[in-house]
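Here's a quick walk through one structure, for anyone meeting it fresh. Have a look at it first, then read on.

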Amino acid sequence: MSETVAEVGEFRLIERFTRHFGTTPAVILGPGDDAAVVTAPDGRVVACTDMLVEGRHFRRDWCSAADVGHKAAAANLADIAAMGAKPTALLAAVSAPQDTPADWLEGLASGLGAEAAAVGAAVIGGDTTRGDQLTVTVTALGDLEGRDPVTRGGARPGDVLALAGRLGWAAAGLNVLSRGFRSPGALVGAYRRPQPPYAAGRDAALMGARAMIDISDGLLADLGHVATASGAAIDVDPEALPIPEQMRNAAEALGSDARRWILTGGEDHALAAVFPPDVLLPESWRRIGTVAEGQGVTVGGRKWTGPTGWDHFAEE
């Protein structure tokens with residue numbers, strides 16, 4: 001039987017947690033002191049934070065501890081990529097009940113460390129505390145490498161809307177798990193461990209992207225943020241978003257709508273960006289729509305009816 005966090009104690013727990021974290025040349029001082037020190041050669045630091053709450057964002061009977069670590073890291077690293085920046089470091093804070101197995105938190109740490117290492121970043125510190133509900137909060141830092149940040153507000157009429165990464169897979173996996181199934185494995189795996197196109201964010205910035213966003217809450221919902229910030233209208237071409245066969249089959253079996261998964265499902269952490277019309281899109285990007293005068297987001301020239309994505313405070 002695994003020891004609980006109460007039996008291990010705070011300081012031994014921190015030792016077991018931090019041994020899963022590597023380092024990078026950007027880290028001057030890592031875990032173990034009052035604060036970490038990271039280089040900032042650009043003179044500016046991109047920062048974001050995200051929180052995962054058990055029962056709301058993950059379930060331990062659906063995801064391993066390492067899955068949750070990967071998922072928590074990915075949610076933040078994708079935001080850094082969406083600014084056109086290079087991820088450099090993560091900070092992780094965990095609140096856990098006393099009876100939480102210490103091995104579970106070690107698994108969480110291994111997932112965090114592995115996802116960070118995959119993009120050349122490192123987990124450099126954080127905090128642990130006792131709480132009534134298991135909660136994981138991650139903060140990510142990034143380097144703009146001398147470029148301007150790519151914000152949500154730069155889209156202009158005539159621009160091209162493009163996508164890097166995949167959509168609907170995590171939503172399909174969540175639907176499968178919610179119905180009590182564990183397959184298709186590709187869909188369930190996409191929910192457990194997102195695969196953001198991290199490098200595509202930097203590529204887009206280098207190729208002159210005018211606006212960019214991480215698709216965390218749903219394509220239509222997140223494009224709504226870009227449209228509002230830019231003061232423009234965005235139209236999504238549904239023909240540019242084909243439904244994969246695995247997703248189509250799962251939707252038919254579950255009586256669900258695969259198209260809705262693609263347009264409104266979140267947590268795949270694809271990137272959507274707006275480019276000038278004459279730009280040759282980077283290899284990992286594909287055109288999925290256009291920007292025009294007006295406001296709001298349409299699909300094939302028509303207004304979308306129903307929810308456009310995830311709202312944390314909407315009634316369920």
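Which residue follows α4, and what is the sign of its phi? That's Gly120, with a positive phi near 80°. A word on the source: this is a predicted model, where local features need pLDDT of at least 70, side-chain atom pairs count only at pLDDT 80 or more, and totals for chains, interfaces and linings use all residues. Residues are numbered from 1 along each chain as its sequence is written, and side-chain values use heavy atoms, leaving out hydrogens and water.

Now to α4 itself (helices are DSSP runs of H or I, at least four residues, and strands are runs of E, at least two, numbered from the N terminus). It covers residues 102–118, and its 17 residues reach 25 Å from first C-alpha to last, close to the expected 24 Å (1.5 Å times one less than the number of residues). Of those 17 residues, 12 are buried, meaning under 20% relative accessible area with a 1.4 Å probe, protein chains only. Among them are Trp104, Leu105 and Glu115.

Two cysteines are buried as well:

| Residue | Relative accessible area |
|---|---|
| Cys48 | 15% |
| Cys63 | 3% |

The structure has zero disulfides, a disulfide being a pair of cysteine sulfur atoms within 2.5 Å.

Last stop, the second largest pocket. Its lining has 21 residues, and Pro31, Gly32, Gly125, Gly126 and Asp127 lie nearest its centre. A pocket here is an open set of points on a 1 Å grid over the protein atoms alone, where a 1.4 Å probe fits, with protein on both sides within 12 Å along at least five of seven lines; lining residues have an atom within 4 Å of a point. β5 gives the largest share of that lining, five residues.

Notes: Buried < 20%, exposed > 50% of the residue type's maximum accessible area, 1.4 Å probe, protein only.
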